[in-house]
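Reader: I'm new to this structure and would like a close look at one part of it. Could you pick a helix and walk me through what surrounds it?

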Amino acid sequence: MIAPTPSDEKQRLEVLRSLNLLDSLPEPKFDRVTKLLARSLRVPIALVSLVDEDRQWFKSKVGLDVNETPRDVAFCAHTILRGEPLVVSDARLDQRFSDNPLVRGAPNICFYAGVPIRTSAGHRLGTLCAIDSKPHNLTPDELDTLRDLAEMVSNEIQLREHLMATTSRLERSREAAQANEARYRSMFELASVGIALVAPNGAWISVNDALCSIVGYEADELMKRTIQDITYPGDLSADLSLLQQLIDDKIDHYHMEKRYLRKDGQVVWIALGVTKKTDALGRLEYFISIIKDINSRKIAEESLAALQRELEQKVEDRTAQLLEANRRLVEAIDQQINSERQLRKREAELRTILENTYDAYIALDQAGLVTAWNQEAENIFGWSALEAMGQPLEELIVPAGMAEMHRSGLSRYRASGATTMLDQRLEIPARRKDGSTLTVEVRIKALDIDGQAVFSAFLHDITERKEAEIRREHEVRQDALTGLLNRRALAEVLPRAMARADRSGKYLGLLFLDLDGFKAVNDRFGHEAGDQVLCRVAAAIKNCIRETDCAVRFAGDEFAVVLEGLMSGYPDALRVAEKILDAISGPQHFHGQSVELGASIGVVVHASGEERLPAALLREADHWMYRAKHAGKGGVLSPYLV
């Protein structure tokens with residue numbers, strides 16, 4: 001009698017395989033238990049047996065040479081169905097086991113006693129069992145000994161469960177920390193203001209691109225200097241004094257305006273904010289500096305101060321012409337206000353351009369018409385600045401199919417200020433003057449100048465990079481020898497194909513194929529001949545299926561085929577399997593000699609609405625392939641044929 005499948009079979013197998021016990025090396029912890037059991041019950045055979053999907057595998061064994069036996073003849077497959085020990089005093093007299101091959105032949109089991117091995121959740125993974133070729137009757141003490149030793153094995157397995165759970169939690173914590181670090185690095189690099197981490201001695205620990213742009217140094221050049229090296233000498237004393245107060249805990253932060261010396265020798269005014277980072281013991285680790293370029297504002301302030309002094313002198317020297325002086329003062333103030341307005345506009349545009357020197361720069365007014373078009377934009381898109389100025393952007397670089405979307409988004413932003421396009425890096429399609437297409441990385445900013453929205457866009461041609469990524473992805477998903485999709489691609493294709501089958505209401509077929517006789521080709525003619533056979537088989541499979549179907553080299557001489565849109569389910573899938581079997585079966589000729597080649601194919605079908613994971617469907621196809629191989633090879637087998 002073959003033992004039925006436990007109700008928790010799926011969860012039981014998942015736990016068993018997650019523990020990495022199957023097909024592992026012997027371990028003293030388990031071997032001591034089996035040796036002690038054999039001595040205690042005076043039996044020749046003692047086993048720690050783990051019941052897998054189609055077999056029972058022995059983690060520890062005493063008195064037995066084999067590592068596994070089929071599950072359908074295993075006594076332990078009956079034991080895991082019970083919540084208590086299974087004791088068979090004489091299997092020859094027990095109708096469940098009297099015709100069992102393990103009773104009628106080696107190891108001639110007569111007596112069997114087994115206790116289930118349990119996980120923390122109560123799943124019975126296998127047994128601790130004692131076996132003899134002679135009948136036995138266990139005493140209560142012997143049965144207690146068997147139970148106690150089985151509990152020791154269960155405790156060891158449960159300990160490993162807890163260890164794996166703890167390891168998993170630690171891994172999740174590590175991944176979360178890495179994600180936080182990535183978010184911090186992204187904010188650090190993309191910030192519009194300069195950010196730096198500074199060592200207590202003034203050396204730079206880390207600097208971002210915005211700071212490098214302010215001082216005119218490349219990052220590696222700046223890292224070789226200190227804050228003392230680039231600080232204007234007249235401002236250094238005040239800065240170091242505040243820094244010392246921060247070190248002495250007299251203040252917890254400070255702000256100041258100071259001057260830096262750029263690489264080209266020019267002086268630039270900056271607004272500096274500094275805080276410090278300490279360790280858990282309160283010891284200073286480094287300073288955090290935020291630097292903002294205020295050079296334009298300082299120049300404007302100095303100009304305004306100079307003008308004010310001039311006006312005051314004129315008022316003092318020419319009191320007789322007070323009315324005229326007042327008129328000129330009003331004009332000067334109006335001119336200054338207008339100059340500041342223009343200065344703010346040009347400052348915002350020029351700062352953005354300087355940050356993206358090698359990108360195409362395009363500016364648009366509130367109506368979406370081009371107001372700036374730099375040389376790189378001419379190089380990338382083919383339109384000269386003269387042709388582009390005053391034109392709507394959708395008539396220049398927006399693909400025809402996206403023109404209406406562009407106009408709608410512009411109108412929506414003017415009406416509500418809502419958009420998803422601003423202040424982020426986007427990859428979008430574009431077109432050139434000659435009509436050819438490309439992919440660009442774009443970053444768009446919106447500026448409010450006197451109540452009018454002005455847009456600045458920076459675009460970088462990434463067409464070659466995207467094409468290279470596509471090529472790399474194709475190479476990763478393709479088997480290099482046969483040109484078929486590989487196992488990784490199957491993991492992506494199969495879930496999507498099952499989802500399409502669920503939506504369409506049609507069947508999906510999955511064939512799992514393993515070559516018969518392939519080892520003989522490698523052994524007799526070498527791996528080069530084996531590679532030729534695999535390529536021939538791949539070509540034969542592709543000739544037997546439709547373009548909408550998918551052929552995969554799974555591993556070695558194993559192949560999988562995904563058949564979509566089947567109308568009658570198993571009959572359609574089996575016809576294709578037989579067609580493939582006929583195409584690849586037969587002699588393979590090399591150097592005047594031949595080797596017979598065949599295949600064993602397992603076939604399963606997924607119907608719409610079936611709740612089955614792709615991995616489970618693949619395991620089932622693999623299972624039926626193995627059953628076909630064990631049934632005599634060179635055939636097709638599926639649940640439909642059983």
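Author: Here is a walk around helix α19, followed by a few other spots worth a look. Keep in mind that this is a predicted model.

Let's start with the helix itself. Helix α19 covers residues 570-584. It has 15 residues, and from its first C-alpha to its last it reaches 21 Å, close to the 21 Å expected at 1.5 Å a residue. Just after α19 comes Gly586, with a positive phi of about 135 degrees.

Which residues of α19 are buried? They are Tyr570, Asp572, Ala573, Leu574, Val576, Ala577, Ile580, Leu581 and Ile584. The cover over these buried residues includes strands β17 (507-516), β19 (558-566), β20 (586-590), β21 (593-606) and β22, along with helix α18.

Now look at Tyr570, which is in α19. Its relative accessible area is 17%, so Tyr570 counts as buried, the cut-off being under 20%. Tyr570 also has an aromatic partner, Tyr640, and the two rings are stacked, 5.5 Å centre to centre with 10 degrees between the planes. Tyr640 sits in the segment after β22 (636-637), so this pair ties together parts that are 70 residues apart in sequence. Tyr640 is partly exposed, at 49% relative accessibility.

Another residue of the helix to pick out is Ile580. It is on the list of buried residues of α19, and it is also among the residues with the most contacts inside the largest nonpolar core, which has 59 residues. The others named there are Leu511, Leu513, Leu515, Phe559 and Val603.

Follow that core to Phe559 and you get a feel for the neighbourhood. Beyond its neighbours within four places in sequence, Phe559 is in contact with Leu511, Leu513 and Leu515, and its other contacts include Leu484, Phe512, Val552, Arg553 and Phe554. Phe559 also touches Leu534, Val537, Ala538 and Ile541, and those four are buried residues of α18.

That brings us to α18, one of the elements covering α19. Helix α18 runs over residues 527-544, and its 18 residues should span 26 Å at 1.5 Å a residue; the end C-alpha atoms are 26 Å apart, so the two agree. Besides the four just mentioned, its buried residues include Ala529, Gly530, Val533, Ala540 and Cys544.

For contrast, try α14, at residues 403-416. This helix has 14 residues and reaches 20 Å from end to end, counted between C-alpha atoms, close to the 20 Å expected. Ala403, Gly409, Leu410 and Tyr413 are its buried residues. Looking down the axis of α14, you find those buried residues within an arc of 130 degrees, so they line one face of the helix. They pack against β15 (437-449) and β16 (452-461). The face turned away from the buried side carries Met405, Ala415 and Ser416, which are exposed.

Back to rings for a moment. The model has seven aromatic pairs. Phe75 and Tyr112 have ring centres 5.1 Å apart and planes at 45 degrees, so that pair is tilted. Phe75 is in the loop between β3 (68-70) and α3 (76-79), while Tyr112 is in strand β5 (residues 111-118), 37 residues away along the chain. Both are buried, Phe75 at 3% relative accessibility and Tyr112 at 1%. Ring pairs also bring in Phe97, which makes a cluster with Phe75 and Tyr112. Elsewhere, a charge meets a ring: Lys298 lies over the face of Trp269, 4.3 Å from the ring centre.

The loop between β3 and α3 also holds Arg71. At 11% relative accessibility, Arg71 is buried. Leaving out residues up to four places away in sequence, it touches Pro6, Glu9, Arg12 and Asp52, among others.

One last stop is Gly216, in the loop between α6 (209-215) and α7 (219-222). Gly216 is partly exposed, with a relative accessible area of 30%. Its C-alpha is 7.2 Å from that of Asp264, although the two are 48 residues apart in sequence. Gly216 touches Arg262 and Lys263, if you don't count residues up to four places away.

Definitions and conventions
Residues numbered from 1 in each chain as written. Predicted model: local features only at pLDDT ≥ 70, side-chain atom pairs only at ≥ 80, totals over all residues. Heavy atoms only, no water. Helix = DSSP H or I, 4+ residues; strand = E, 2+ residues; numbered from the N terminus. Expected span 1.5 Å × (residues − 1). Buried < 20%, exposed > 50% of the residue type's maximum accessible area, 1.4 Å probe, protein only. Arc of directions from axis to C-beta. Contact = heavy atoms within 4.5 Å. Phe/Tyr/Trp six-rings, centres within 6.5 Å; stacked < 30°, edge-to-face > 60°. Lys NZ or Arg CZ within 6 Å of the ring centre and 35° of its normal. Core = buried A, V, L, I, M, F, W, Y, C linked by side-chain atoms within 4.5 Å.
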